[in-house]
Structures are given as structure tokens and as C-alpha cells.
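Thank you all for coming. I would like to take a few minutes to walk through the structure that I am about to put on the screen, going from single residues to whole chains and then to the place where the chains meet.

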Amino acid sequence: MTLAAIDPPQLQRQSRRQSQRAWRAARVTLLAEFNQWGRVGSVLFMLLARTCLCFWLWQALYRSTSTSAGMNRSQATTYALLGVFYMSFRSVNRWANRDMMVQHMLDGTIAYWFLRPVTPRRYYCVRALGDLAYGGAWAALAYTVCRSTGLIAAPVSAAAGLGAAGSLVLGLAILYYLQQLIDLACFWTVVNFQLVVMYGIVQNVLAGALVPLWFFPGWFVGFDRWLPFQGTLNVPLSLYLGVLPMSGLVRDLALQAGWIALLAVLTALVWRRAGARVTVLGG
Amino acid sequence: MSILNPLRTPGPADAGLPMRAYRSVRGTPARWALYGRITALNFKAQASYRGEFLLGLLFGLVWQGALVLFAGVLLLRFPGLGGWTQGDVLLIAAMRLLSHGGYVAFFPNVSNLSFLVQQGNVDGYLLRPLPLYRQVLLARFPINSLGDLLAGVGVFAVALARLDVAWTPVKALYVAAGIIGGMLVEGSLQTALSIAAFRFTGLATWTAWVDETLSTYGNYPLNVLPGAVRGTLTFGLPLAFIAYLPASIVTGHAGTTGVPAWLAAASPAVGLLLFLAVKAGWYGSVRWYQSPGG
């Protein structure tokens, strides 16, 4: 069939159908990871090693004391291990596949993102959901195993568990938008390797993934409260452990939703500007 | 073709190798001048992306600063970790940071070998009249190293102020040797890991994991961990030799490490021997190299 034989409404319908099937791109993560079983084994080994080392370190730290910064051994160990599992959400390594946004920018293949029957913003979202689902599966597996073996404590109540789960979903949405802003920076800087890595560190520190935020001085926690990072991890985990009361749940969730709305508007604006300045290296 | 044998420095008899190219790198001063020119060009290339360059300078400081923050918070909240005073633990952290700073200054490109292979750079290296390992080390200017070294110097200054050690020239020299030994242990680990890059992609997660494990658990006295874990981190992933064991000699904790005192004292030599053995193994493994072009 020639292009001339296709009438515009037919083209539009075809385009809409293709757009509706865009979710299939989420499978790319799973297909890429399982293409090499060694990578799956690596993720499993590293998750196991991180979990064991983290557990033993925190058990050792509490050998000489029963409470520190108001946290007992079980709470601190649970928080630290949940922090390890949380990092699994970002365990997908797109480097090896040359599938990071900055690599597409350097290779010039970023141009294809703007030629598909799906907007680049939607494509990014679908792929990120695939990554989060894959990382989330590892986190869920680790959580289930550690809960069943008693390494980590249960949520203080069923309501706290549900509140923490809801807060975690919103926290992941914040994480998604923040990561997107960092990735989009390469439209202006061409390379953003250092920015991506630096963001990962700042995110882990300010979210409380490295050390529970309760161990930090008051001024640090007060400053961090004005940033979106706490909402990605510290809030859900604090709800899980009962450190944040359920009476403040609505306020906590509203704050997270506020950040999501703000970041969503910001990323939409940045995408619009980015589309106007795509650089295809090599001509 | 002998030129493709990276085990030795090529000679004039090597077919296809321009004599002038070979002569230009013959002799130690000429070689160092060449390394200097390559490094200067790499520096210039990276400085052309100004924002990225500045972030690179900051990166080491932020990453190591975050880990020192982690260690500092734990030290304040849990004093007397494993029977070590704050100053003693800070010496471990400082020695590890300085070792890591040295590693980042000299060996960081080894951990990026999988990318160099993927981009086809190694094909080019095999045709040049310089040893392959050296070319890998010179592939990119380590802009992160400045921040890493700064973090190390800062923590070392704090540790010195808090340490209760009677310093002698021998002890000071031992600390310096320990730092170099630690750098070689880290370089050996990443070099050993990079062997897999000759055949497999996706090694970045492993190199990052090793880096993260050394950076996170290399700052503490390992005697707080269960015996089996301590053994694994001493003889499996030899993290203990980077800073913990040499610091135990300086601070007088060698008896609590669970390792014979002579072995703990020999940590700098362990680093050197490990590096030489791994480097020989690395060259021996080049025959596994599979070009991305097939």
C-alpha cells in the first residue's frame, strides 16, 4: 500500500492504535535483563550481599546499646534493610545496553524518540515504569524473604502498613520525576554522566537511604523537610515503623502529592523546551 | 601478528609498526613525556564540557563526603565501635579515603574497561606501540580524583587531631606504605574484575558494587562483624588489607583482628603482591578478548 492510498483519518487511526500499544515498550527492561541470565544472577547476589552486610552491621552497632536516637535495634535494622530494598527500584542498569538518555544523545539515536508515533515523554514514562516494575519485583522478593525469616519487623499496624504503601507509591512518583529532570539535563549539557551519579548520592543521603534521618542533627532534618527527597523514602518508612503518627498521614500524603504536581508541571515544561533543541551529534 | 601481543613492548621488528612511532616512545623520559601529552589532551577533552567537568571535580568530594557523613553519624551515635576509639576509627576511614583517592587518580579507567571494549577502543589500543594496560589507565583523565583526595586529607587531619598515638618516623612511613598498599589492593580488585570485560558486557554493576562495598564497609573496624563475614572480607574480597589491618598496627589493635599480627603488618606488601599477580593474570587473559565488531 502506498502512502497516497492512505487517507488522513486512516493514518490518524493507525497512529492512535500504535500509541495505545506503546505500553509494550515497558517489556524492554525485562527482555533485556533476562537476555543475559548472568545479569539476573548478579542482581540476586548483590542484593543478598547488601542485605546480609547491612543486617550484620546494624546488629553489631546495637551490641553495646539498646536504643539510639530513640530507635531500638529492630527499628534501625528494619529501616536500614528497607532502605537497601528501596535501592533495588533503581537496580536496572541501562548502561550495558547503551539505552540511557545521555547515550542516545551521544549516539544521535535520541532523534528516533521524536519520530515514533508515541511522544518522547510518554515513551520515557513507559520505559521508566518497566524499570520500576522490574526493580520493585526484586524489592518485593527481598521484603517477603526477610519478613518470613524475621530479619525485619512488621508494620506497627495494618493501617500503618497501608499508609506506608500508599506513601511509597507517591514517593516513587517523586523519584520518577526527579530522575526525569536529571536525564533531561543532557538536552542542554549533551553529557550528564556526573550529574546522574551525583544525583544518586544526594538522593540517597537526603532521602535517608544511607543513614536513617533520625540520626542526623535537627538542623539537617529541618532543612531536608523543605526538599522533595524525604517523601521518597523517609516518610513511607517512618509511617511503617510508627515514627510518624497515622494522625498526620493525610498531611504527609498531601505534601507528597504537592511535590508530584509541581514536578509534573516542571518536567512537562522542560520536555517542551527539550524538543525544540534536540542535538543530533554527527550532523 | 606479534604486534597484537600486548604482553610485551613491541620492537622494531614488528611488522606494520611505523619505526618512528616506536622510536618516539622508546626510553623512559620519552614515554613519560608521551603519557603527559596524552593526559593533557584527555584533560582538555573533558574540560570542554564545563558543567560536567566542574561536577566531576565535586563528585568525589560529595560521594566520599556522604560516606564519611554515614561513618561520622554512626561514630557519634555508637561510640567505642568494636573497642576502637573515635580517633582510631577515623584513621581507618582516612587511610581508606586516601587509598581510594590514589586509586581514582591512577586506576579508575580499569573499572570502565567494559565501556572501552563496547566502544571498540580496545581494538585501537592493540594496534598502538604501548602496553595495553597502560593505555587503559590513560584512557580518560580522572577528574574525580581531586575531590576524593581532598576528602581523604580532611578526614586524615581530623583523625590526627583525635588520635592518641606516639608518632615516630617509622609509623608515619608505615601509614604512607599502608595507603599505597590499599590503593594497590583496590586497583587489583577492579583489575581482576575487568578481566571479565574481555568477554562480557554489563560489568558496570559489578564494578559499582565492589566500589560501594569497599566505600561503605571499609571505614569500620571489621571485628564488629561475625567471624565468617570478617574472614570473607579479609581473604575473599580483601577489603581488610586496604585500611583496617594497617590501621590496627598503628593503633595497637592488631590482636583483635583475628589475623596473625605479621600478616596484618605485611598489608602494604600484600597489596603490591596482589597487584603484580593480578596484572600478570590480566595480560594472560587478553587472549579471551572478543572485539565488539566480531
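**A walk through two chains**

Let me begin with a single residue, Arg134(B), which counts as partly exposed because 15 other C-beta atoms lie within 10 Å. I should say at once that this is a predicted model, and please keep that in mind for everything that follows. Arg134(B) belongs to helix α7 of chain B, which runs over residues 132–137. If we look from there to Leu69(B), the two are 65 residues apart in sequence, and their C-alpha atoms are 35 Å apart in space.

A second residue in chain B can be set beside that one. Ala40(B) lies in helix α2 of chain B, residues 28–47, and it counts as exposed because it has 11 C-beta neighbours inside 10 Å. Between the C-alpha atoms of Ala40(B) and Leu245(B) there are 37 Å, with 205 residues separating the two along the chain.

Now to chain B as a whole. How many helices and how many strands does chain B have? There are 14 helices and zero strands in chain B. Chain B has 294 residues, of which 39% count as buried. Taking the contacts in chain B with a separation of 6 or more, 78% are between residues 24 or more positions apart.

Within chain B, I would like to spend a moment on helix α8, residues 145–162. The 18 residues of α8(B) should span 26 Å at 1.5 Å a residue, and this agrees with the end C-alpha atoms, which are 26 Å apart. Several residues of α8(B) are buried, among them Leu149(B), Gly152(B), Val155(B) and Ala159(B). A general point may help in reading such a list: an α-helix has 3.6 residues a turn, so residues three or four places apart point the same way. What do the buried residues of α8(B) pack against? They pack against α3 and α4 of chain B, the latter being residues 86–106.

That brings us to the nonpolar core. The largest nonpolar core has 124 residues, and the members that touch the most others are Ile92(B), Ala93(B), Ala94(B) and Met95(B). If we leave out residues up to four places away in sequence, Ala94(B) touches Gly152(B), Val155(B), Phe156(B) and Ala159(B).

Let me turn to chain A. Its secondary structure comes to 13 helices and two strands, and its C-alpha trace spans about 80 × 40 × 35 Å along its principal axes. Of the 283 residues in chain A, 36% count as buried, and residues 24 or more positions apart account for 80% of the contacts in chain A with a separation of 6 or more.

In helix α8 of chain A we find Leu172(A), and here I would ask whether this residue is buried or exposed. Leu172(A) counts as buried, because it has 20 C-beta neighbours inside 10 Å. Apart from its neighbours within four places in sequence, Leu172(A) is in contact with Phe89(A) and Leu132(A). Leu172(A) and Gly231(A) lie 59 residues apart in sequence, with 8.8 Å from C-alpha to C-alpha.

Helix α13 of chain A, residues 249–275, has 27 residues and reaches 39 Å from its first C-alpha to its last, close to the 39 Å expected at 1.5 Å a residue. The buried residues in α13(A) are Asp252(A), Gln256(A), Trp259(A), Thr267(A) and Ala274(A), and what covers them includes α8, α9 and α12 of chain A.

Helix α10 of chain A, residues 193–207, will lead us to the other chain. Among the buried residues of α10(A) are Gln194(A), Leu195(A), Val205(A) and Leu206(A). The buried residues of α10(A) pack against α8, α11 and α12 of chain A together with α3 of chain B. Just after α10(A) comes Gly208(A), which takes a positive phi of about 90°.

Finally, the place where the chains meet. Here 28 residues of chain B are in contact with 31 residues of chain A. On the side of chain B that touches chain A, α3 and α10 of chain B each supply at least two residues, and α3(B) gives the most, with 13 residues. That side of chain B divides into 20 nonpolar, six polar and two charged residues.

How values were computed: Residues numbered from 1 in each chain as written. Chains lettered and ligands numbered in written order. Predicted model: local features only at pLDDT ≥ 70, side-chain atom pairs only at ≥ 80, totals over all residues. Contact = placed C-beta atoms within 7 Å. Helix = DSSP H or I, 4+ residues; strand = E, 2+ residues; numbered from the N terminus. Nonpolar A, V, L, I, M, F, W, Y, C, P; charged D, E, K, R; others polar. Buried ≥ 20, exposed ≤ 12 C-beta atoms within 10 Å, placed from the backbone. Core = buried A, V, L, I, M, F, W, Y, C linked by C-beta atoms within 7 Å. Expected span 1.5 Å × (residues − 1).
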